[in-house]
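Subject: Structure handover

Dear colleague,

Please find the structure below. My notes on helices and sheets follow it.

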Amino acid sequence: MTISGKTRVTGLFGYPVAHSLSPAMHNAAYRALGLDFVYVPFQVTPPNLPSAVCALRALDIAGVNVTVPHKETVIPYLDCLDQSALRCGAVNTIVNSHGTLTGYNTDGPGFTDALREEGLSASGLKAVVLGAGGTARAVVSQLLAEGAAQIIIINRTVEKALALAVALGAQDRVQVYGLGDKAPLAGAGLVVNTLSVPFRQEGGWLVDLSPAAGALFFDLRYGAMPPDFRHYARELESPSVDGLGMLLYQGARAFELFTGHKAPVDVMKKALQHGDGSFAS
Ligand code: ATR
């Protein structure tokens with residue numbers, strides 16, 4: 001990869017960022033299309049976020065992805081928000097257009113792109129979502145926007161799940177339950193795990209999902225977390241996938257916002273699988 005006087009800079013704001021697969025994925029895509037762009041991880045601590053956002057304008061950075069812990073706190077520093085960001089109250093992509101910073105969220109659409117790849121459409125779907133944090137909000141708001149018929153949110157803190165349903169104005173299609181409750185899971189076509197803890201606890205599995213056997217079990221975690229949720233899916237003889245598909249498609253959509261070019265999805269997928277997007281290659 002050659003840096004020229006005209007190279008456009010993109011990157012990632014997060015804390016930490018060292019583990020991120022996004023630089024490999026985006027740099028591989030730039031290389032494949034011969035685009036004079038580079039993608040750099042920027043470690044931004046929470047107190048430095050306001051000045052980092054100002055630097056996007058000062059340094060004419062084309063755009064950045066935003067990850068933990070800045071997805072919600074970055075919003076006040078932006079000029080406008082796209083519908084996708086408004087819907088889930090979080091931003092994962094900022095585009096700098098001549099100094100105007102627009103916030104987008106490609107997590108939700110990236111999730112349903114990955115779902116489609118597994119042959120599942122949100123329209124008319126009954127889905128179960130484990131968790132009620134930021135990731136769950138992106139997933140639930142997108143499923144609702146694409147016409148899901150019923151969503152059951154299961155969370156340790158039921159009040160948080162209820163607050164999410166209310167915030168999305170969707171109490172008619174969303175029901176909430178605690179981890180040990182007997183939720184009406186039969187007939188679900190999809191179970192999504194967004195929990196930040198292992199699914200296998202000392203007492204056994206965190207939630208009894210056996211009535212949803214046969215659904216697609218979608219674990220949004222990948223990397224260091226144990227693949228225990230997928231083990232459970234196998235125990236229930238249900239198909240399962242991990243979160244790499246969502247990472248891929250949220251990245252592909254961000255790539256298109258940064259560059260205006262159609263994302264080379266196969267190249268990006270390969271980079272995620274083999275980590276072959278390094279600067280050295
Ligand atoms: P993210 O932004 O990735 O969604 P998060 O907002 O921190 O992350 O959400 C983490 C999820 O894991 C929440 O649903 C949280 O449940 P609470 O709302 O009750 O906090 C869940 N979680 C975290 N620790 C947990 C634990 N020990 N047992 C069960 N659920 C847990």
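Helix 8 (residues 244-259) is mostly covered, with 12 of its 16 residues buried (buried means under 20% relative accessible area, exposed over 50%, partly exposed in between, with a 1.4 Å probe and protein chains only). Among the buried residues are G245, M246, L247, L248, F255 and F258. From first C-alpha to last, helix 8 reaches 22 Å, close to the 22 Å expected at 1.5 Å a residue (the expected span is 1.5 Å times one less than the number of residues). Just after helix 8, G260 has a positive phi of about 75°.

This is a predicted model, in which local features need pLDDT of at least 70 and side-chain atom pairs count only at pLDDT 80 or more, while totals for chains, interfaces and linings use all residues. Residues are numbered from 1 along each chain as its sequence is written, and side-chain values use heavy atoms, with hydrogens and water left out. Helices (H or I, at least four residues) and strands (E, at least two) are DSSP runs, numbered from the N terminus.

One open sheet has six strands in the order 2-1-3-5-6-4, with mixed pairing (two strands pair if DSSP finds at least two bridges between them). Strand 2 (37-43) and strand 4 (80-81) are at its edges with a single partner strand each, so one side of each has no neighbour in the sheet. Strand 5 and strand 6 pair in the antiparallel sense over five bridges, and V95 has T102 in strand 6 as its bridge partner. Helix 1 (residues 22-33) lies across strand 1, strand 2 and strand 3, at about 170° to strand 2 (axes are lines fitted to C-alpha atoms, for helices over the stretch in contact, with angles from 0 to 180 degrees between N-to-C directions; contact means heavy atoms within 4.5 Å).

A further open sheet has six strands in the order 9-8-7-10-13-14, with parallel pairing. Its edge strands are strand 9 (174-177) and strand 14 (240-241). Strand 10 and strand 13 pair over four bridges, with N193 opposite D219 in strand 13. Helix 6 (residues 158-167) packs on this sheet, touching strand 8 and strand 9.

Strand 9 has V174 and V176 on a covered face, and Q175 and Y177 on an uncovered one. In a regular strand the side chains alternate between the two faces of the sheet. I151 stands opposite V174 in strand 9.

Regards
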